[in-house]
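Biologist: I am new to this molecule and would like a friendly introduction. Please choose a single part, look at it closely, and tell me how it sits among its surroundings.

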Amino acid sequence: MVEEKEPVKEAHKQGSSIRRSFLNKCLFLILLFIVMFGLSASGIYWWRDTIATDFENKQATTISTLQKTISSLNTRLKQEKAKNATDSTPTDTDGDDTSCTPVAPAYSVLENIQASITSGNTAALEGYMASTVDVILAATEAYGEQTRTQAVGDITDFISGESGWDFTLPASVLSSYGKGGYGQYFTNIDVVGKSANGKVISFLFDCNSKISTVLLVSNEDLLQ
């Protein structure tokens with residue numbers, strides 16, 4: 001009787017072993033599916049995040065470009081308006097121009113303007129500015145009409161890291177600047193300085209002796 005039961009036990013063991021093997025395979029496949037699904041989801045998230053970041057960067061670049069273009073167009077429009085106004089300004093009986101004539105500020109103010117650049121204390125400039133200031137960055141025509149605070153910020157960024165500013169440039173140098181494409185920003189009453197690295201800044205004044213225009217030149221070669 002015992003010998004007849006041994007095959008049955010052996011078959012039972014084999015069946016149990018097969019079931020365990022099957023269950024292990026099933027568990028392995030389930031785990032593999034979970035891992036693959038997780039990797040796939042992570043990949044999709046990374047791809048979407050990359051696409052979104054790239055789109056945002058391109059959008060920011062486009063907005064920045066459009067803003068510069070708008071500023072440039074506004075500046076050119078203002079220049080054209082000023083030109084037309086000058087052309088149509090009536091003259092008195094002696095033929096003299098009755099339009100507003102720029103007036104240089106007191107010598108002490110000119111010294112303070114120069115000192116604000118050489119010392120880096122650009123905040124002092126705000127007190128010498130008109131309510132709005134045209135800030136021109138040569139070769140880009142940015143930034144256009146700015147508030148006092150914005151103008152000071154533009155100047156601060158421009159002179160950052162610069163040194164060796166010289167506001168006693170020879171007449172021959174100033175004359176060469178006046179003959180270039182930006183000659184209108186160099187008059188006999190403006191304040192012009194050049195850094196050791198060749199950057200140039202020019203302050204122009206209005207009828208009330210206030211800074212009305214600032215020309216920023218990254219390299220004096222642009223003035224030739």
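**A close look at helix α3**

Modeller: The accessible surface of the protein comes to about 14900 Å², and 58% of it belongs to carbon and sulfur atoms; such areas come from the Shrake-Rupley method with a 1.4 Å probe, and for residues only the protein chains shown count as cover. Please keep in mind that this is a predicted model, where local features need pLDDT of at least 70, side-chain atom pairs count only at pLDDT 80 or more, and totals for chains, interfaces and linings use all residues. Residues are numbered from 1 along each chain as its sequence is written, and side-chain values use heavy atoms, leaving out hydrogens and water.

Here is the setting. The protein has 4 helices and 5 strands, which are DSSP runs numbered from the N terminus (helices are H or I with at least four residues, strands are E with at least two). Along the sequence they follow the pattern α-α-β-β-α-α-β-β-β. Of the 224 residues, 28% count as buried, that is, under 20% relative accessible area; exposed is over 50%, and partly exposed lies in between (1.4 Å probe, protein chains only).

Now to α3 itself. It covers residues 148-159, 12 in number, and reaches 17 Å from its first C-alpha to its last, close to the 16 Å expected at 1.5 Å a residue; the expected span is 1.5 Å times one less than the number of residues. Ala151, Val152, Asp154, Ile155, Phe158 and Ile159 are buried in α3. Seen down the helix axis, these buried residues fall within an arc of 160°, so they line one face of α3 (the arc is that of the directions from the axis to the C-beta atoms). Thr149 and Asp157, on the other side, are exposed.

What does the buried face meet? The buried residues of α3 pack against α2 (107-119), β1 (129-137), β2 (142-147), β4 (200-205) and β5 (211-217), where contact means heavy atoms within 4.5 Å. After α3 comes Gly161, with a positive phi near 85°.

One of those partners, α2, rounds out the picture. Val109, Leu110, Ile113, Ser116 and Ile117 are buried in α2. Their arc, seen down the axis of α2, is within 120°, so they line one face of that helix. The cover over the buried residues of α2 includes α3, along with β3 (191-194), β4 and β5. On the other side of α2, Tyr107, Thr118 and Ser119 are exposed. Just after α2, Gly120 takes a positive phi of about 85°.
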